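Take a first look at the structure below. Keep it in view as you read on.

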2 protein chains.
Amino acid sequence: MPGLGVLTHTVTPAGPPAQRPQAEDVGILAAEVYFPSTYVRQEELERHDGVPSGKYTVGLGQQGVAFVGDREDPVSMGLTVMRRLLERHNVSPLEIGRLEAGTESSVDNSKSIKTYLMVLLEEAGNTDVEGVDCVQACYGGTAAVQNAVNWVESRGWDGRYAVVVMSDVSVYPAGPARPTSGAGAVALLIGPDAPLAFERGMSATHMAHAYDFYKPSGLYPAVDGPLSVYCYLQTLDLLYSRYTAKWERRNGRPFRLADADHALFHAPYNKLVQKAFARLMYHDITRHGEVPESLASCADCDLRDGSHPRQAAQMPGDLEKALVAHAFPAYDAKVRPSTCVARQCGNMYTASIWSGISQLIETTGAALEGRRVLLYSYGSGISATMLSLVGRPTTNPRFSLARLQAMSDLSMRLARRLPKSPADFEQAMRLAEQRWMAGNYKPEMPSLDDLEPGTFHLVEVDTRYRRIYARKPLA
Amino acid sequence: MPGLGVLTHTVTPAGPPAQRPQAEDVGILAAEVYFPSTYVRQEELERHDGVPSGKYTVGLGQQGVAFVGDREDPVSMGLTVMRRLLERHNVSPLEIGRLEAGTESSVDNSKSIKTYLMVLLEEAGNTDVEGVDCVQACYGGTAAVQNAVNWVESRGWDGRYAVVVMSDVSVYPAGPARPTSGAGAVALLIGPDAPLAFERGMSATHMAHAYDFYKPSGLYPAVDGPLSVYCYLQTLDLLYSRYTAKWERRNGRPFRLADADHALFHAPYNKLVQKAFARLMYHDITRHGEVPESLASCADCDLRDGSHPRQAAQMPGDLEKALVAHAFPAYDAKVRPSTCVARQCGNMYTASIWSGISQLIETTGAALEGRRVLLYSYGSGISATMLSLVGRPTTNPRFSLARLQAMSDLSMRLARRLPKSPADFEQAMRLAEQRWMAGNYKPEMPSLDDLEPGTFHLVEVDTRYRRIYARKPLA
């Protein structure tokens, strides 16, 4: 009788595990960024909000706020950026064996963004694709990247590529936090023999329980601003210490910032990125006792007196300012070139830090070979990792840094966005409030004409809350 | 000047990647289940709801609905089951290098359950712990398990264990779906040299976009019942075909159900599990053309006539009934022993399928050595994987099957739960409606006396929606 040979035999596992050798140099093969075509300039917001000139542009270090109205959402942006990744890099849907998403602004509490993205692979007949949504504040995308890298290095790998999509819309109520709103999405292609390979075994992580930023109720987050900045910087201190300790164990000498050619930081707003980079320099200074002349004149700057390093919360304002000024030339060379999207689009949550990778490729290309990129990914709650990538020549010309650079159109796309008025921005935020968990509506803004060709957009949310998407034709 | 050696050097990666050999026989080292102490019997619900006797107990195949009131939630259940895992198996918080959670009923849209669980490791000074929440319906826990296994096999592994926690509360509005409510949590310890090792390279996955069950708005899900059953069974068909094809490629002969000694299925309710197992047998029958006598009398049962296999939606009721009856002896031996928790606690979403592992260990122990366990994990939306584990002797006596079995107290704990009335259950559901996304309250039910010693519980949600938890003392 078939199926009834129960408990009468023993089995050996179904043959040896995958014979494939463990993958090497796993990392980023290609990267794409998407941001909405509509944004508002921070100078205009300053005037509109009646705040002193410079409060948002200098105080926050931001240039624009990207916003989506109700015609785009984290799902549509994810579809747009993933389709862009496949099309521009000529990757067949059949080449993808893993797909996962990082987000903290999903449109459903059960159904993942990943299952929406599957339509791009299903149409080619490919559904044997692992991975789901990674959720933990702005860190979700970094968790997904780590999962993808681990998969490629595991015995479960079947030789195909992984795609990681980060997609978020960040909105805040009217008031001081609203200028830190933003929107954007990133898609990464992950595989072996990568032009930007992760330095394995070097990453340092910190996870803890905190209520600095969370979303317990309604559209807008609950934010404890000072606590959030404190957690971001205190965790940075801890991870720099952990990362450099791992470096020292492996290399037999201390790590210095000079060992990183580029540094990327999660960017709620750019001023915090400036402070973060200055803190790493501060740690180098106090650790090695090499106080630069430019800091000698600062009132609190006897950096050799044993009271350093100061915790982030205890840092006097004048010392912090002096450090940011001292760090500026290095910031200008190592950090600023990868902050452009975040400064012009605002906080993109999970996409924020990874948007810098595309920019680095555009500005630097093959010159990234032999260079180290240090990343600090932070998510409130708390979750954070410091890790590093190294540029390298790849045997696959399809994904060489030179080719990726030649194909990049990032600056051009940023430049051709459509500036909107603060009133348009306010209307979009009012719509977001109305649309939160709502059904039975058709999008109102922006007009389809305002979307770039090839952009996915919401057509309707029906009475049963099902979301229907379509794509604006390419050209 | 420190930190300014910008772009003037090239680097080689920081030494070779981890020299550790790739881990082998990665799988489940230990498993714990937690369910609320309070539940209502399905017979009593039948009487209370005025439905025919047997509608829930036979029609759904369920015995009880576990419910939590407002004193427990997916976070507190996760804390309880994870602490239980560490304490009972004498695992130090310092031995954990990865911790992630699967859930579809989180209490926050940004902050993960994982960050709440970190308090159990933080108190020992361990925060360098990767992993976040995996969200995709009932499949999130399976995704987290795969992530943990991949991590142990990757170059990023540092030799420590991974913990995966699945925790969910499943609630439905008053009406026909309410008897499929439930609650529960599972914690798994993942590492190499495991007594239950995953068969790597054999798993088959199906991911697609569907609206069978989702949570777009409010506390309760949107469910298309018939579509949900259809997607569950249709995906099962597809994955059995994919899994058996992989088996055949590796072993050079077709897979039959006889090659699996145990089969576990995601269990929204037990009747669907019975149908699912019968479908696998049906596929064996049609594929091998071995029609058993017991099916010969069924009107639709000329299984050799070329019209088979029928898709799940086209299966006539009498054929399905005949198949379930025919499959019963094998179901009784291979499936039923691991369905006890799901039948008595209801749908536990992400925890559902993994609760069967603890039961298998309790009932079978060292006799699992050399036996294959087949799993079908399904999440609406759609995400599903069929995979297998093989029992094996381990060189680490701490996690031997015999020892795990000797320690098990699962049946005893199920037996000493506190039956409550349908009115209590209704009150708990009304409270859940009031508490959804609410702040500023203290829990009302059940009384602290009703919780088992060692149970974590909610003490308060404050005006800023911060959730305060405490643990009832151990004995």
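What follows is a walk through this model, from the whole assembly down to single residues.

Start with confidence. This is a predicted model. Chain A has an average pLDDT of 94. In that chain, 96% of the residues score at least 70. One stretch stands apart from this picture. Residues 1-8 of chain A stay under 50 in pLDDT. For that stretch, the model has 16 contacts beyond four places in sequence. Read its placement with the low score in mind.

Now look at the two chains together. How is chain B superposed on chain A? A rotation of 180° does it, with 0.0 Å of shift along the axis. The RMSD of the fit is 0.0 Å. This is the relation of a two-fold axis. The two copies also use the same surface, since 100% of the contact residues of chain B recur in chain A.

Next, the cysteines. A disulfide is a covalent bond between the sulfur atoms of two cysteines. How many disulfides does a search of the whole structure find? The count is 0 over all chains. Take Cys345(A) as a case. Its closest cysteine sulfur belongs to Cys340(A), 8.5 Å away. The cut-off for a disulfide is 2.5 Å. The two sulfurs are therefore too far apart for a bond. Chain B repeats the story: the sulfur of Cys345(B) is 8.5 Å from that of Cys340(B), again too far for a bond. Are these cysteines buried or exposed? Cys345(A) is buried, with a relative accessible area of 0%. Cys345(B) is buried as well, also at 0%.

Turn to the aromatic rings. A pair of aromatic rings is described by the distance of the centres and the angle of the planes. The whole structure holds 32 aromatic pairs over all chains. One of them joins Phe198(A) and Trp354(A). Their centres are 6.3 Å apart, and their planes meet at 65°. That makes the pair edge-to-face, because planes over 60 degrees apart count as such. Where do the two partners sit? Phe198(A) is in strand S8, residues 196-198 of chain A. Trp354(A) is in helix H11, residues 352-364 of chain A. The partners are 156 residues apart, so the pair links distant parts of the chain. Both Phe198(A) and Trp354(A) are buried.

Rings also link up across the chains. Tyr116(A), Tyr469(A), Tyr211(B) and Tyr214(B) form a cluster through ring pairs.

Some rings have a charge for company. In chain B, the charged end of Lys111(B) sits over the ring of Tyr116(B), 4.6 Å from its centre. Arg417(B) lies over the face of Phe35(B), at 5.7 Å from the ring centre.

From Arg417(B), go to Glu369(B). The two are 48 residues apart along the chain, and their C-alpha atoms are separated by 32 Å. Glu369(B) is in the loop between helix H12 (350-364) and strand S13 (372-379) of chain B. Its relative accessibility is 31%, so Glu369(B) counts as partly exposed. Helix H12 of chain B gives another picture. Of its 15 residues, 14 are buried, so the helix is largely enclosed by the rest of the structure. After H12(B) comes Gly365(B), with a positive phi near 55°.

Finally, follow the backbone through some unusual spots. The peptide bond from Met445(A) to Pro446(A) is cis, with omega near -10°. Pro446(A) is in the loop between helix H14 (422-435) and strand S16 (456-461) of chain A. Chain B has a cis bond from Gly381(B) to Ile382(B), with omega near 10°. Ile382(B) is in the loop between S13 and strand S14 (383-391) of chain B.

Positive phi angles come last. Asp193(A) is not a glycine, yet its phi is positive, about 50°. This residue lies in the loop between strand S7 (182-191) and S8 of chain A. Asp193(A) is partly exposed, with a relative accessible area of 21%. In chain B, look at Tyr465(B). Its phi is about 65°, although Tyr465(B) is not a glycine. Tyr465(B) lies in the loop between strand S16 (456-461) and strand S17 (467-471) of chain B. With a relative accessible area of 29%, Tyr465(B) is partly exposed.

Notes. Residues numbered from 1 in each chain as written. Chains lettered and ligands numbered in written order. Predicted model: local features only at pLDDT ≥ 70, side-chain atom pairs only at ≥ 80, totals over all residues. Heavy atoms only, no water. Buried < 20%, exposed > 50% of the residue type's maximum accessible area, 1.4 Å probe, protein only. Least-squares fit on C-alpha atoms with pLDDT ≥ 70 in both. Contact = heavy atoms within 4.5 Å. pLDDT = per-residue confidence, 0-100. Phe/Tyr/Trp six-rings, centres within 6.5 Å; stacked < 30°, edge-to-face > 60°. Helix = DSSP H or I, 4+ residues; strand = E, 2+ residues; numbered from the N terminus. Lys NZ or Arg CZ within 6 Å of the ring centre and 35° of its normal.
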